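Please find below some notes for a first reading of this model, set out as numbered points. It may help to keep the sequence and the structure open side by side while working through them.

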Amino acid sequence: MQTKNSLFIELFGDSPTIKVLDFLLTERELDFSISDMARNAGIGRATLYRIWDELIKNEKIIPTRTIGKSKLYKLNIKNPKIRKLIELYEKGKVKKILIKEGIPFVPSFFVAYVITLAYGNLVLV
């Protein structure tokens, strides 16, 4: 059974990091264990561990509490880049982009704008 990807994944790609951020954006009020995060994002735990340092180092996710031996984490809504992504979700701007069947169609300036908001200036001089 094939599941339909969210518009966020359609725009930014099908990478494990994007899948995790997509899941956490939709469930941003809750916290999850690493296993739950991987399962709900549709990736393996080993894959999540591979990208884990980047998520923590860039403060995209933060630890919230410990239950027994399990640490729980959630999306860091205080991170300015994450706040911009949340703002786009809440305003519904991302939901209003029309997608052609097969190939996503998004004006390049919009994609560049969203990437700049999310990750800052990626141009290296």
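**Notes on the predicted model**

1. A good place to begin is Arg-28, which is found in the loop that runs between α2 (16-26) and α3 (34-41); please keep in mind throughout that this is a predicted model. Is Arg-28 buried or exposed? Its relative accessibility is 17%, and because buried means under 20% relative accessible area, Arg-28 counts as buried.

2. The surroundings of Arg-28 can be described in two steps. A polar atom of the Arg-28 side chain lies 2.7 Å from the backbone oxygen of Leu-25. If residues up to four places away in sequence are not counted, Arg-28 touches Lys-74, Leu-75, Ile-77, Ile-86 and Glu-90.

3. Two further residues of this loop deserve a look, beginning with Glu-27, which is also placed between α2 and α3. Glu-27 has a relative accessible area of 31% and is therefore partly exposed, since that class covers values between the 20% limit for buried and the 50% limit for exposed. Although Glu-27 and Leu-75 are 48 residues apart along the chain, their C-alpha atoms are separated by 8.5 Å.

4. The other residue is Phe-32, again in the loop between α2 and α3, and at 11% relative accessibility Phe-32 counts as buried. Which residues does Phe-32 contact, leaving aside its neighbours within four places in sequence? They are Phe-23, Leu-24, Glu-27, Met-37, Asn-40, Lys-71, Leu-72 and Tyr-73. Phe-32 and Lys-74 are 42 residues apart in sequence, while the distance from C-alpha to C-alpha is 6.4 Å.

5. Moving on to the helix after this loop, Ile-34, Met-37, Ala-38 and Ala-41 are buried in α3. Why can they be said to share one side of α3? They cover an arc of only 95 degrees around the axis, and so they lie on the same side of the helix. The buried residues of α3 pack against α2, α4 (45-57) and β2 (70-75). After α3 comes Gly-42, which has a positive phi, near 80 degrees.

6. For the chain as a whole, the count is six helices and two strands, and reading along the sequence gives the pattern α-α-α-α-β-β-α-α. The chain has 125 residues, of which 37% are buried. Among the contacts between residues at least 6 apart in sequence, 47% join residues at least 24 apart. The exposed area of the chain is about 8600 Å², with 56% of it supplied by carbon and sulfur atoms.

7. The last point concerns empty space inside the model. How many cavities of 30 Å³ or more does a search of the whole structure find? The search finds one, and the largest cavity has a volume of about 40 Å³. The residues that line the largest cavity are Leu-21, Lys-60, Lys-81, Ile-82, Leu-85, Ala-118 and Tyr-119. The elements giving two or more residues to this lining are α5 (80-91) and α6 (108-119), and α5 provides the largest share, three residues.

Key. Residues are numbered from 1 along each chain as its sequence is written. This is a predicted model: local features need pLDDT of at least 70, side-chain atom pairs count only at pLDDT 80 or more; totals for chains, interfaces and linings use all residues. Side-chain values use heavy atoms; hydrogens and water are left out. Helices (H or I, at least four residues) and strands (E, at least two) are DSSP runs, numbered from the N terminus. Buried means under 20% relative accessible area, exposed over 50%, partly exposed in between (1.4 Å probe, protein chains only). A polar contact is a pair of N or O atoms within 3.5 Å; within protein, one must be able to donate a hydrogen and the other to accept it, and residues adjacent in sequence count only if both atoms are side-chain atoms. Contact means heavy atoms within 4.5 Å. The arc is that of the directions from the helix axis to the C-beta atoms. Accessible areas come from the Shrake-Rupley method with a 1.4 Å probe; for residues, only the protein chains shown count as cover. On a 1 Å grid over the protein atoms alone, a cavity is a set of points where a 1.4 Å probe fits but cannot get out, and a pocket is an open set with protein on both sides within 12 Å along at least five of seven lines; lining residues have an atom within 4 Å of a point. Grid points are joined across faces, edges and corners, and a volume is the space filled by probe spheres set on the points.
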